[in-house]
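Student: Hi, I have a new model open and could use some company going through it. Can we chat about the sheet, the helices and the pockets?

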Amino acid sequence: MRIYLIGYMGSGKSTVGRELAEKLKLQFIDLDGYIEERNFKTIPEIFEESGEEGFRKVEQRALLEVSEFEDVVISTGGGAPCFFDNMELINRTGISLYLNGTPRILAERLMQSKTERPLIKGKSEEELIKFIDETLEKRNHWYKQCHFEIGFDDDIQISEVLDVLKLT
């Protein structure tokens, strides 16, 4: 079994992924963490050195690698499904679940987050909401190719995830 969690930054992919993996007794992989370990650099360092295009190539290689792992829940980076043929790879090699939060809830979560995120650095909350809304407009083309979707405006319950994935 291979389950991919996709969605925008702050949608809870890592949090839900850890809990889901524990519940299903599967391994959990955060793709960004995997990339950092394999490259001995943080995501912001890779962005700074290689730009977004260079980072997306590194991300694609990492996704190809983890797509061969068995019995795993994989939390992708927010942009991972939107480049190259990544979404096709995700759907071909596993079950995809889109965690679809409103721009306002995503902005609130990101403003509270301690994680450095290169694409949103230095934005006010209102600028962030506008940026998220515009980015989701572009990314939903890929996100909506998922097998399953959970829309939310609050915390996601793992029981809801299991119901949507029909694993209860």
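Tutor: Happy to; we will go from the sheet to the helices and then to the pockets, bearing in mind that this is a predicted model.

Student: Great. In what order do the strands of the sheet come?

Tutor: The order is β2-β3-β1-β4-β5, an open sheet of 5 strands with parallel pairing.

Student: And which strands stand at the edges?

Tutor: Those are β2 (27-30) and β5 (148-152). Each has a single partner strand, so one side of each is left without a neighbour in the sheet.

Student: What does the twist average from one strand to the next?

Tutor: It averages 20 degrees.

Student: How many bridges join β4 to β5?

Tutor: There are 5 bridges between β4 (residues 95-101) and β5, and the two strands run parallel. If you want a spot to click on, Leu97 stands opposite Phe148 in β5.

Student: Found it. Which strands does α4 touch?

Tutor: Helix α4 (residues 86-93) packs on the sheet and touches β1 (2-6) and β4. The direction of α4 makes about 145 degrees with that of β1.

Student: Now helix against helix. How do people describe two packed helices?

Tutor: By the angle between their axes and the distance between the axes.

Student: OK, so what are those values for α3 and α4?

Tutor: Their axes cross at roughly 10 degrees and come within 11 Å. The two helices are therefore roughly parallel to each other.

Student: Which residues make that contact?

Tutor: From α3 you have Gln60, Leu63 and Leu64, and from α4 Asn86, Leu89 and Ile90. By class, the contact of α3 with α4 has 4 nonpolar residues, 2 polar and no charged.

Student: What about α2 and α3, at what angle do they pack?

Tutor: About 105 degrees, with the axes 10 Å apart. That makes α2 roughly perpendicular to α3.

Student: Which residues meet there?

Tutor: On the α2 side they include Leu31, Tyr34 and Ile35, and on the α3 side Ile43, Phe55, Val58 and Leu63 are among them. The contact of α2 with α3 divides into 11 nonpolar, 1 polar and 5 charged residues.

Student: Switching to pockets. How much space lies in the largest pocket?

Tutor: About 820 Å³. Its lining has 37 residues, and Met9, Gly10, Lys13, Ser14 and Arg117 lie nearest the centre.

Student: Which helix gives the largest share of that lining?

Tutor: That would be α3, with 6 residues. At least two residues each come from α1 (13-24), α2 (31-39), α3 (43-66) and α5 (103-112).

Student: And how does the lining of the largest pocket look by class?

Tutor: It has 10 nonpolar, 14 polar and 13 charged residues.

Student: How about the second largest pocket, how much space lies in it?

Tutor: About 200 Å³. Helix α6 (residues 125-143) gives the most to the lining of the second largest pocket, with 6 residues.

Student: Which residues should I highlight for that lining?

Tutor: Try Glu52, Cys82, Phe83, Leu119, Phe131, Glu134, Thr135, Lys138, Arg139 and Trp142. They divide into 5 nonpolar, 1 polar and 4 charged.

Student: Lovely, I'll colour those in now. Thanks!

Key. Residues numbered from 1 in each chain as written. Predicted model: local features only at pLDDT ≥ 70, side-chain atom pairs only at ≥ 80, totals over all residues. Heavy atoms only, no water. 1 Å grid on protein atoms, 1.4 Å probe; cavity = no way out; pocket = protein on both sides within 12 Å on 5 of 7 lines; lining within 4 Å. Points joined across faces, edges and corners; volume = space filled by probe spheres on them. Helix = DSSP H or I, 4+ residues; strand = E, 2+ residues; numbered from the N terminus. Nonpolar A, V, L, I, M, F, W, Y, C, P; charged D, E, K, R; others polar. Pairing = 2+ DSSP bridges. Axes fitted to C-alpha atoms, helices over the stretch in contact; angles between N-to-C directions. Contact = heavy atoms within 4.5 Å. Parallel < 35°, antiparallel > 145°, perpendicular 65-115°, else oblique.
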